[in-house]
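Work through the following exercises with the sequence and the coordinates open. Each task is followed by a solution in steps.

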Amino acid sequence: MDRAQSMTITTATKFSLLDWLSLSCRHIALLAAMIATAGSLFFSEVLRWIPCELCWYQRILMYPLVLILFVGIWRDDRKVYLYALPLALAGIAVSLYHYLMVMLIIPPAPCAGVVPCAFDYINIPGALSFVKIPFLALVAFSIISVMMANLALAETPPACGRPARIMATVIVIGTAALFIGLGMMI
């Protein structure tokens with residue numbers, strides 16, 4: 001048995017968490033983008049929270065990621081990270097800046113919108129007091145960035161074909177249905 005056959009047998013029998021992440025990285029990124037997109041729409045359209053200027057910039061960077069990742073999965077594009085990663089990294093920068101302003105770590109910048117950028121809609125007391133809207137966006141952009149970096153560096157190809165397309169469709173429709181259902185309950 002030569003080395004290539006040995007490696008194939010070894011990798012076929014050992015399926016690690018990293019292998020699973022490599023197979024699922026586009027879907028995990030799509031789920032994070034869908035939750036962030038639906039969540040931001042829930043905040044503004046259902047709860048009627050007016051987004052500040054920096055929230056709009058984060059939305060401008062997040063919303064296209066849903067479409068880019070969904071189309072990337074449908075087209076079996078292994079290089080979707082080339083399109084998604086720059087948006088996600090820019091989103092991390094904007095979200096981090098916004099989060100530091102909301103937490104009053106840096107002085108608030110003047111915003112052109114109706115709502116000041118340092119305004120805090122989420123006031124959770126106690127141990128979870130660090131959770132703010134920009135923090136949620138930062139987490140989503142970070143998950144997407146890590147998954148896209150994993151896709152770029154992975155030796156294991158991502159899941160593709162019909163099962164991958166079905167899963168992407170389930171993620172989009174399921175997330176949308178969940179948030180629409182939540183909106184109808186309120």
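## Exercise 1: helix lengths

Task: For helix H6 (residues 162–185), compare the span expected at 1.5 Å a residue with the distance between the end C-alpha atoms.

Solution. The model is a predicted one. Helix H6 has 24 residues, and at 1.5 Å a residue these should span 34 Å. The expected span is 1.5 Å times one less than the number of residues. The end C-alpha atoms of H6 are 34 Å apart, so the two values agree.

Repeat the step for helix H5 (133–153). Its 21 residues should span 30 Å, and the end C-alpha atoms of H5 are 30 Å apart, so there is agreement here as well.

Next, list the buried residues of each helix, with buried meaning under 20% relative accessible area. In H6 they are Ala164, Ala168, Ile171, Thr175, Phe179 and Gly183. In H5 the buried residues include Ile133, Ala137, Phe141, Ile144 and Met148. Polar side chains occur in the H5 list too, among them Ser145 and Asn150.

## Exercise 2: the chain as a whole

Task: State how many helices and strands the protein chain has, and what box its C-alpha atoms fill.

Solution. The chain has six helices and zero strands. Along the sequence the pattern reads α-α-α-α-α-α. Taken along the principal axes, the C-alpha atoms fill a box of roughly 70 × 35 × 30 Å.

Then turn to burial and contacts. Of the 186 residues, 38% count as buried. Among contacts with a separation of 6 or more, 77% join residues 24 or more positions apart.

## Exercise 3: isoleucine 73

Task: Decide whether isoleucine 73 is buried or exposed, and find which residues it touches beyond four places in sequence.

Solution. Isoleucine 73 is in helix H3 (residues 53–74). Its relative accessibility is 0%, so isoleucine 73 counts as buried. Leaving out residues up to four places away, isoleucine 73 touches Arg26, His27, Leu30, Ala164, Arg165 and Ala168. Two of the residues on that list, Ala164 and Ala168, are buried residues of H6.

For a distance check, take asparagine 123: it is 50 residues from isoleucine 73 in sequence, and the C-alpha atoms are 37 Å apart.

## Exercise 4: the nonpolar cores

Task: Find which residues of the largest nonpolar core touch the most other members.

Solution. The largest nonpolar core has 34 residues, and Leu30, Leu65, Leu69, Ile144 and Met148 touch the most other members. Helices H2 (17–46), H3, H4 (81–102), H5 and H6 each supply at least two residues of this core. The largest share, eight residues, comes from H3.

Take leucine 65 as a worked case. Beyond its neighbours within four places in sequence, leucine 65 is in contact with Ala33, Ala84, Leu87, Ala88, Phe141 and Ile144. There is also a second, separate core of six residues, which includes Ala38, Phe42, Ile122 and Ile133.

## Exercise 5: the largest pocket

Task: Give the volume of the largest pocket and describe its lining.

Solution. The volume is about 550 Å³. The lining has 34 residues, and Ser40, Phe43, Ile133, Leu136 and Ala137 lie nearest the pocket centre. H2, H3, H4 and H5 each supply at least two lining residues. H2 gives the most, with eight residues. Sorted by type, the lining has 25 nonpolar, six polar and three charged residues.

## Exercise 6: loop residues and a tryptophan

Task: For arginine 48 and leucine 104, give phi and say whether each is buried or exposed.

Solution. Arginine 48 lies in the loop between H2 and H3. Its phi is near 65 degrees, a positive value in a residue other than glycine. With a relative accessible area of 60%, over the 50% cut-off, arginine 48 is exposed.

Leucine 104 lies in the loop between H4 and H5. Here phi is near 60 degrees, again a positive value in a residue other than glycine. Its relative accessible area is 62%, so leucine 104 is exposed.

Finally, tryptophan 56 lies in helix H3. Its relative accessible area is 42%, so tryptophan 56 is partly exposed. The C-alpha atoms of tryptophan 56 and alanine 159 are separated by 33 Å, with the two positions 103 residues apart along the chain counted as their separation.

Note on methods:
Residues are numbered from 1 along each chain as its sequence is written. This is a predicted model: local features need pLDDT of at least 70, side-chain atom pairs count only at pLDDT 80 or more; totals for chains, interfaces and linings use all residues. Side-chain values use heavy atoms; hydrogens and water are left out. Helices (H or I, at least four residues) and strands (E, at least two) are DSSP runs, numbered from the N terminus. Buried means under 20% relative accessible area, exposed over 50%, partly exposed in between (1.4 Å probe, protein chains only). Contact means heavy atoms within 4.5 Å. A nonpolar core is a set of buried Ala, Val, Leu, Ile, Met, Phe, Trp, Tyr and Cys residues joined through side-chain atoms within 4.5 Å. On a 1 Å grid over the protein atoms alone, a cavity is a set of points where a 1.4 Å probe fits but cannot get out, and a pocket is an open set with protein on both sides within 12 Å along at least five of seven lines; lining residues have an atom within 4 Å of a point. Grid points are joined across faces, edges and corners, and a volume is the space filled by probe spheres set on the points.
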